[in-house]
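This report describes the fold, a set of annotated positions and several individual residues of one protein chain.

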Amino acid sequence: EPTLKERLIQIIPAKQEQVKQLKTEHGDKIIGTCTVAQAYGGMRSVKSLVTETSSLDPEEGIRFRGLTIPECQERLPKAPGGAEPLPEGILWLLLTGEVPSESQVKTLSKDLAKRAGLPKHVTSMIKAFPKEMHPMSQLAAAILALQSGSKFVEAYNSGVKKDKYWESTLEDSLDVIAKLPEVAALIYQNTYKNGDITHKIDENLDWSANFTRMMGYSSKEFDELMRLYLTIHTDHEGGNVSAHTTHLVGSALSDSYLSLSAGMCGLAGPLHGLANQEVLSWTMNLQEKLGNKQVSNEVLSDAIWEGLNAGRVVPGFGHAVLRKTDPRYTCQREFALKHLPNDPLFKLVSQIYDVVPDILTKHGKTKNPFPNVDAHSGCLLQYYGLKEHNFYTVLFGVSRAIGVLSSLVWDRVLGHPIERPKSVTTEWISSFVNSD
Ligand code: CMX
């Protein structure tokens with residue numbers, strides 16, 4: 001059976017040919033337009049980006065290379081005795097568009113384990129960070145420090161031709177994905193535990209289980225949660241802030257490290273990935289305010305209205321594209337129903353799900369009153385003892401790297417140029433609208 005790189009070499013020529021043909025034969029076809037409202041409104045729904053790895057339907061949610069989350073859960077290889085997909089499997093899927101075999105995933109796990117290990121300057125830098133530095137800032141900085149090992153930079157400087165850029169981009173991307181669990185675990189140990197990592201990367205363990213061991217966790221059930229978590233957070237098509245930023249920075253031929261670090265800075269914003277830390281703090285505050293006991297829907301609704309009336313958003317609800325419950329929320333809810341149905345915080349999260357869509361609909365502002373991925377993840381993590389809220393976005397980031405870097409490899413395969421949309425001034429818009 002071919003390895004990941006061998007399979008890519010087999011697949012790539014046909015795809016390059018297809019894109020070349022589309023550009024020459026249909027280059028003039030219009031696929032999207034942009035209105036004044038969209039130009040001022042964050043370019044919502046403007047079709048102007050090509051991303052191969054996944055696609056987001058407003059009603060149905062994400063499909064990774066055509067597969068829904070339940071299909072990924074069913075078809076991607078699992079750990080021995082496990083029920084959730086291995087993140088290595090989705091890495092393969094996102095890169096190739098194909099479901100890998102068990103043995104291909106095992107080989108990829110071993111390859112990632114071999115690529116792991118941090119240079120001394122990165123470990124000492126993380127250890128020198130003050131505990132008050134947000135873990136996402138530590139993550140973005142550590143990824144930048146790893147850039148000294150970039151194989152793309154080496155290839156570029158030695159004059160490698162454009163059609164080979166994808167190969168060193170793949171190498172860098174696999175290297176950084178392999179190293180991220182240790183970076184994140186070291187940030188975790190250093191920020192909260194005053195300790196070092198004691199677990200040595202084990203080639204016979206999967207990428208995710210090596211990660212949980214390095215953070216100090218060894219429960220089989222938590223391993224399963226993390227495999228699911230690290231699979232579903234990988235990718236959400238190309239226009240979200242972390243994916244778009246990685247793609248944009250990468251379009252300047254910045255390598256995987258520079259591009260990913262920039263993407264992580266975007267993920268660290270409260271309207272994007274940081275929402276998962278906000279949700280748990282918000283839910284726990286609510287729990288405390290309600291006296292740590294079960295209350296009626298009316299009492300819960302009143303408490304939620306209070307925050308809304310004070311001008312705050314309900315974190316974890318709403319989405320720029322989705323118009324239904326996020327399937328990433330649903331699969332985490334199913335995990336909770338299976339493994340922790342009686343956890344009081346899960347019960348509260350469920351009750352919030354019962355009341356918030358009506359509240360937000362009455363509130364009348366948000367286009368989507370339903371929960372997104374971030375509304376559920378914190379509740380599961382705290383159940384297994386991972387209670388440090390401001391670390392949660394780092395977990396999101398470790399997973400998101402898989403999607404955005406797979407996409408960057410395809411940007412190189414297809415030779416996408418530097419991104420440079422046209423901007424206009426308000427003066428220009430004003431005279432344009434008045435000219436007809
Ligand atoms: N609670 C209260 N008001 C909300 C809301 C919510 N959960 N979601 C949207 N709104 C408000 C917006 O603030 C906006 O109000 P203004 O017109 O006063 O500015 C209005 O509804 C319209 O917004 P929208 O078009 O529905 O939403 P956007 O596409 O602009 O923004 C998002 C999407 C996710 C940023 C927004 O829904 C939000 O702030 N949600 C809470 C934060 C969150 O959960 N973010 C995580 C998203 C997933 C991720 O990237 O990780």
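## Report on the chain

Lys324 counts as partly exposed, having 15 other C-beta atoms within 10 Å. The model discussed here is predicted. Lys324 belongs to the loop between H15 and helix H16 (327-339). Apart from residues up to four places away in sequence, Lys324 touches Glu59 and Phe370. Lys324 and Ala243 are separated by 81 residues in sequence and, C-alpha to C-alpha, by 22 Å in space.

### Overall fold

The chain contains 20 helices and two strands. Its C-alpha trace extends about 70 × 65 × 40 Å along the principal axes. For 436 residues, a compact globule would have a radius of gyration near 22 Å, and the value for the chain, 22 Å, agrees with this. Of the 436 residues, 44% are buried. Among contacts in the chain with a separation of 6 or more, 75% are between residues 24 or more positions apart.

One pair that is distant in sequence involves Glu221 and Tyr384: they are 163 residues apart along the chain, with 8.5 Å between their C-alpha atoms. Glu221 is part of helix H11 (residues 220-232). With 13 other C-beta atoms within 10 Å, Glu221 is partly exposed.

### Nonpolar core and helix H12

In soluble globular proteins, nonpolar side chains tend to be buried together. The largest nonpolar core in this chain has 100 residues, and those touching the most other members are Leu139, Ile143, Val176, Ile177, Ala184, Ala401 and Leu405. Ile177 is in contact with Leu91, Leu112, Ala401, Ile402 and Leu405, with residues up to four places away in sequence left out.

Helix H12 (residues 241-250) is mostly covered, with eight of its ten residues buried. The buried residues of H12 are Ser242, Ala243, His244, Thr245, Thr246, His247, Val249 and Gly250. They pack against H13 and helix H19 (392-413).

### Annotated positions

Which residues does UniProt list for "active site"? The entry, which is unreviewed, gives His272, His319 and Asp374. These residues span 103 residues in sequence, but no two of their C-alpha atoms are more than 10.7 Å apart, so they gather at one spot.

His272 is placed in the loop between helix H13 (256-267) and helix H14 (275-289). It is partly exposed, with 19 other C-beta atoms within 10 Å. The buried class begins at 20 such atoms. Beyond its neighbours within four places in sequence, His272 contacts Asn240, Val241, Ser242, Gly266 and Leu267. Of these contacts, Ser242 is also one of the buried residues of H12.

Asp374 lies in helix H18 (residues 374-383). Is Asp374 buried or exposed? It is buried, with 27 other C-beta atoms within 10 Å. When neighbours within four places in sequence are left aside, the contacts of Asp374 are Ala275, Asn276, Val279, Pro315 and Gly316.

### Ligand surroundings

The ligand is surrounded by 22 residues, and the closest are Ala275, Gly318, Ala320, Lys365 and Thr366. Ala275 also appears among the contacts of Asp374. By type, the residues of the shell comprise ten nonpolar, nine polar and three charged.

### Residues with positive phi

Most residues other than glycine have a negative phi. Leu253 has a positive phi of about 65° although it is not a glycine. Asn292, also a residue other than glycine, has a positive phi near 55°. The table sets out their locations and surroundings.

| Residue | Phi | Location | C-beta neighbours inside 10 Å | Class |
|---|---|---|---|---|
| Leu253 | about 65° | loop between H12 and H13 | 18 | partly exposed |
| Asn292 | near 55° | loop between H14 and helix H15 (297-309) | 10 | exposed |

Leu253 is counted as partly exposed because its 18 C-beta neighbours inside 10 Å fall between the limits of 12 or fewer for exposed and 20 or more for buried. Asn292 counts as exposed because it has 10 C-beta neighbours inside 10 Å, within the limit of 12 or fewer.

Key:
Residues numbered from 1 in each chain as written. Predicted model: local features only at pLDDT ≥ 70, side-chain atom pairs only at ≥ 80, totals over all residues. UniProt positions renumbered as here; feature names shortened; annotations may be inferred. Helix = DSSP H or I, 4+ residues; strand = E, 2+ residues; numbered from the N terminus. Contact = placed C-beta atoms within 7 Å. Near = placed C-beta within 6 Å. Nonpolar A, V, L, I, M, F, W, Y, C, P; charged D, E, K, R; others polar. Core = buried A, V, L, I, M, F, W, Y, C linked by C-beta atoms within 7 Å. Rg over C-alpha atoms; globule rule 2.2 N^0.38 Å.
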